Amino acid sequence: MPTKTFHIPMADGLADVFAAFPEHRGPVPGVLVYPDAFGIRPVLRDMVEKLAAHGYYVLVPNIFYRHGRAPLVALPAHIGEEARPAIVDELMPLIHRHTAERVVGDADAYLRFLAGQPEVKDGPAGVVGYCIGGLLATRTAAAFGGRVAAIAAFHGPVGADGTDEFAKITGRVHFGHAASDLTPQALKDLNAALDAARLDYTSEIYPGTIHGFTMADTDAFDAVGSERHWEQLFALLDSALTTT
């Protein structure tokens, strides 16, 4: 699986990004993946390569590049519950500084870079986000509707500024929620907002899961939930991107 590391010129410095794409194929659709707050690390690279092997050029950025290259904090091979609080405490200030304005400006650069790669075919991209990356994916899809044909967010916030931005999304949507993150009533309210925005979407709670269930290097990992996430993600991207 070919992989590359790039440094993209941004308004506030250089963003380090990791990319993977299928070998010996013509141009393929592009997919932008926003990581969780722990950022680019072996498990994220594995996930990016798995998605690329399915037939996509996948780009995952260090979303906190303004503060240094990934990894920004020391991460153990397995992020257990004992280590997690201290790591989150280190990362939380970076999350708070990553304003909506920064998200949109960065997203424009990421999408332009992705579209400019010779291995990427013309047409809109897919955007995927995990944990805090789910919010970034939503904001990206809302800000650049014509350039995003599909958005998926897993165990993350999807509308911290309310639901107004849902109406700006034009692509197909899948939200996969952890059972610990969203109550059935909250899911009902969210889906009502998605209905009001007239989105083509699926939005569901993955039974028995907790926040972070897709990440195999954490205690939150759930094999059943992770497999369902892959099934839903492949189905969404295949339907939205391979027909464009």
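## A tour from the central strands outward

Select strand S3 (residues 30–34) and S5: the two run parallel and are joined by four bridges. Strands count as paired if DSSP finds at least two bridges between them. Strands (E, at least two residues) and helices (H or I, at least four) are DSSP runs, numbered from the N terminus.

Two notes before moving on. The model is predicted, so local features need pLDDT of at least 70 and side-chain atom pairs count only at pLDDT 80 or more, while totals for chains, interfaces and linings use all residues. Residues are numbered from 1 along each chain as its sequence is written, and side-chain values use heavy atoms, with hydrogens and water left out.

**Stop 1: strand S5**

Stay on the S3–S5 pair. Pick Val-31, then Gly-126 in S5: these two are bridge partners. Now add strand S6 (residues 148–154). S6 also runs parallel to S5, and six bridges join them. Tyr-130 has Phe-154 of S6 as its bridge partner.

How many of the six residues of S5 are buried? Select residues 125–130 and color by accessibility. Six of the six are buried, so S5 is largely enclosed by the rest of the structure. Buried means under 20% relative accessible area, exposed over 50%, and partly exposed lies in between (1.4 Å probe, protein chains only).

Turn the strand to look at each side. One face carries Ala-125, Val-127 and Gly-129. The other carries Gly-126, Val-128 and Tyr-130. Both faces are covered.

**Stop 2: Leu-237**

Next, select helix H6 (residues 223–241) and find Leu-237 in it. Is Leu-237 buried or exposed? Its relative accessible area is 0%, so Leu-237 is buried.

Show its neighbors. Leu-237 touches Val-31 and Gly-126, the bridge partners from the previous stop. Leu-51, Tyr-56, Ala-150 and Thr-242 are also in touch with Leu-237; residues up to four places away in sequence are not counted. A contact here means heavy atoms within 4.5 Å.

Draw a distance from Leu-237 to Val-33. Their C-alpha atoms are separated by 12 Å, with the two positions 204 residues apart along the chain.

**Stop 3: the antiparallel strands**

Go to strand S1 (residues 3–10) and S2. They run antiparallel and are joined by eight bridges. Thr-3 stands opposite Ala-20 of S2. Follow the backbone from S1 to S2: the hairpin joins them through two residues.

Select strand S2 (residues 13–20) alone. S2 is mostly covered, with six of its eight residues buried. Then add strand S4 (residues 57–61), which pairs with S2 in the antiparallel sense over four bridges. Val-17 has Pro-61 of S4 as its bridge partner.

**Stop 4: backbone details in the loops**

Which peptide bond to check after S4? Ala-70 and Pro-71 are joined by a cis peptide bond, with omega about -5°. Pro-71 sits in the loop between S4 and helix H2 (84–97).

Move to Cys-131, in the loop between S5 and helix H4 (132–143). Its phi is near 55°, a positive value in a residue other than glycine. Cys-131 counts as buried, at 8% relative accessibility.

Now select His-155, in the loop between S6 and strand S7 (172–178). Its phi is near 40°, again a positive value in a residue other than glycine. At 0% relative accessibility, His-155 counts as buried.

**Stop 5: the whole chain**

Zoom out. The protein chain has six helices and eight strands. Along the sequence, they follow β-β-β-α-β-α-α-β-α-β-β-α-β-α.

Show C-alpha atoms only. They fill a box of roughly 45 × 40 × 35 Å along the principal axes. The radius of gyration is 17 Å, which agrees with the value near 18 Å for a compact globule of 244 residues. That radius is taken over C-alpha atoms, and the globule rule is 2.2 Å times the number of residues to the power 0.38.

Color the chain by burial: 55% of the 244 residues count as buried. Among contacts with a separation of 6 or more, 69% come from residues 24 or more positions apart.

Finally, switch on the surface. The chain exposes about 10500 Å², and carbon and sulfur atoms supply 54% of it. Such areas come from the Shrake-Rupley method with a 1.4 Å probe.
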